[in-house]
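Biologist: Please take one loop of this model and look at it closely. Then follow its residues outward to whatever they touch on, and keep to what the coordinates support.

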Amino acid sequence: MTKFLTGLVLAAGLAAQPALAADKLMLKVPVAFSTELPSLGTPIPRVAEEVEVMSGGTLRMKVYEPGKLVPAFEILDAVSSGKINAGYTTAGYWAGKIPAAPLFSAIPFGPEAGEYMAWIYYGNGLELYQRMYDEAGYNVKVLPCAVIAPETSGWFSKEINTADDLKGLKMRFFGLGGKVMEKLGVATSLLPGGEIFPALEKGAIDATEFSMPAIDQRLGFHKVAKYNYFPGWHQQATVFELLVNKDVWNEASEQHQHILAEACKASMADSFAEGEALQFDALKRNVEENGVEIRKWSPEMLQLFRDTWEEVAAEESANDAYFAEVYADLSQFRSNYDLWEENAFLPRF
């Protein structure tokens, strides 16, 4: 158990003494990401440990590695139908089912982790997040349960200096950023983490993005693609979700509901801290040991990505009313937040 959460766990554990007589609940939780991947897959086993302690053993979670219980891209349907009673994933995977879903996962040129969490917990984000699933007909309770900071922008086997260099590339790409790349002539596909390296190695794809350097390093992308681009304009922060079947959630005791909600909220802070602590060593190893060349997008390329994203956002808003509602709400929150951000934070020297 992490030191970060010790105080919360001890306090909640004391409060949980009456739960010893409560009905027991076991959540079987397939995950979309290997639990070996730091700050991406590691949060949910820690949450499992914490809820068991906080509940006095009446609430437990059994975590299943990707594909062991249901495929990663089937978790939402499986939880909603009751085939499984919970799952850990990210809303961006449901873009094909619910157009607004990626807005609760990662947004091109979107908020950093602090601002994202502010909107989720103290703006309208969490209410809109749950209502999205309700109105789309999914029988799930959603709990944001981890967040990571910026990702790398991608791994390429050749330099990318102009828009023409992107045309014709086959690239694994996630979420709304994938729609931006498609407009720029990239053929995108969304592969689970475990399938990306084989696809790169066999030439089925030319390039990929996946996550932060310490996570990508575990998957070995540096072995076949030596150009690693920054900043990750497409994912300045990424939120991950614990989905619980709504019937199971409603039948759970109020105490178990609170334990799950608070453990996931604590995990948001813990996963963010873990991710931030690991990246500089990974970047150094990539350069010094793995022969990776770190590249920064030129101002011109970043402006191209941003302009194209604004086109995509306008199109998505025109095509889906709920996307438009959520994006407008987030945009208004961000506009208000700008006043704080512009005055409170130090500029880059």
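Modeller: Take the loop between strand S9 (227–230) and strand S10 (238–245), which holds Pro-231. The model is a predicted one. The peptide bond from Phe-230 to Pro-231 is cis, and its omega is near -10°. Most peptide bonds are trans. The residue before the proline, Phe-230, is the end of S9.

S9 leads into a sheet. Six strands make up this open sheet, in the order S7-S6-S8-S5-S9-S11, and their pairing is mixed. S9 therefore sits between S5 and S11 in that order. The edges are strand S7 (187–189) and strand S11 (293–296), each of which pairs on one side only. At the S7 edge, S7 and strand S6 (residues 170–172) run in the parallel sense and are joined over three bridges. Within that pair, Arg-172 is opposite Ser-189 of S7.

Arg-172 also leads to a cavity, since it belongs to the lining of the largest one. The search of the whole structure gives one cavity of 30 Å³ or more, and the largest cavity holds about 90 Å³ of space. The loop after S9 reaches this place too: Gln-235 is in the lining, and so are Thr-238 and Phe-240, which fall within S10. The other lining residues are Phe-33, Leu-40, Thr-90, Tyr-93, Glu-151, Phe-174, Phe-210 and Ser-211. By class, the lining has six nonpolar, four polar and two charged residues.

Leu-40, one of those lining residues, follows a residue with an unusual backbone. Ser-39 has a positive phi of about 65°, though it is not a glycine. Most residues other than glycine have a negative phi. Ser-39 is in the loop between strand S1 (25–30) and helix H2 (43–54).

Back in the loop after S9, Gln-236 points the way to the largest pocket. About 530 Å³ of space lies in that pocket. It is lined by 17 residues, and those closest to its centre are Gly-110, Glu-112, Gln-236, Glu-341 and Arg-348. Helix H4 (113–122) and helix H12 (321–344) are the elements that give two or more residues to the lining. H12 supplies the largest share, four residues. The lining as a whole has eight nonpolar, three polar and six charged residues.

H12 has two helix contacts to describe. Helix H11 (residues 299–319) packs against H12 at an angle of about 125°, and their axes are 5 Å apart. Because of that angle, H11 is oblique to H12. On the H11 side the contact uses Trp-309, Ala-313, Glu-316, Ser-317 and Asn-319, and on the H12 side Ala-321, Phe-323, Ala-324 and Tyr-327. Those residues divide into six nonpolar, two polar and one charged.

Helix H5 (residues 125–135) packs with H12 at about 180°, with axes 11 Å apart. Angles over 145 degrees count as roughly antiparallel, so H5 is roughly antiparallel to H12. Leu-128, Arg-131, Met-132 and Glu-135 of H5 meet Tyr-322, Glu-325, Val-326 and Asp-329 of H12. This contact has four nonpolar residues, no polar ones and four charged ones.

Conventions
Residues are numbered from 1 along each chain as its sequence is written. This is a predicted model: local features need pLDDT of at least 70, side-chain atom pairs count only at pLDDT 80 or more; totals for chains, interfaces and linings use all residues. Side-chain values use heavy atoms; hydrogens and water are left out. Two strands pair if DSSP finds at least two bridges between them. On a 1 Å grid over the protein atoms alone, a cavity is a set of points where a 1.4 Å probe fits but cannot get out, and a pocket is an open set with protein on both sides within 12 Å along at least five of seven lines; lining residues have an atom within 4 Å of a point. Grid points are joined across faces, edges and corners, and a volume is the space filled by probe spheres set on the points. Ala, Val, Leu, Ile, Met, Phe, Trp, Tyr, Cys and Pro count as nonpolar, Asp, Glu, Lys and Arg as charged, and the others, Gly among them, as polar. Axes are lines fitted to C-alpha atoms, for helices over the stretch in contact, and angles run from 0 to 180 degrees between N-to-C directions. Angles under 35 degrees count as roughly parallel, over 145 as roughly antiparallel, 65 to 115 as roughly perpendicular and the rest as oblique. Contact means heavy atoms within 4.5 Å.
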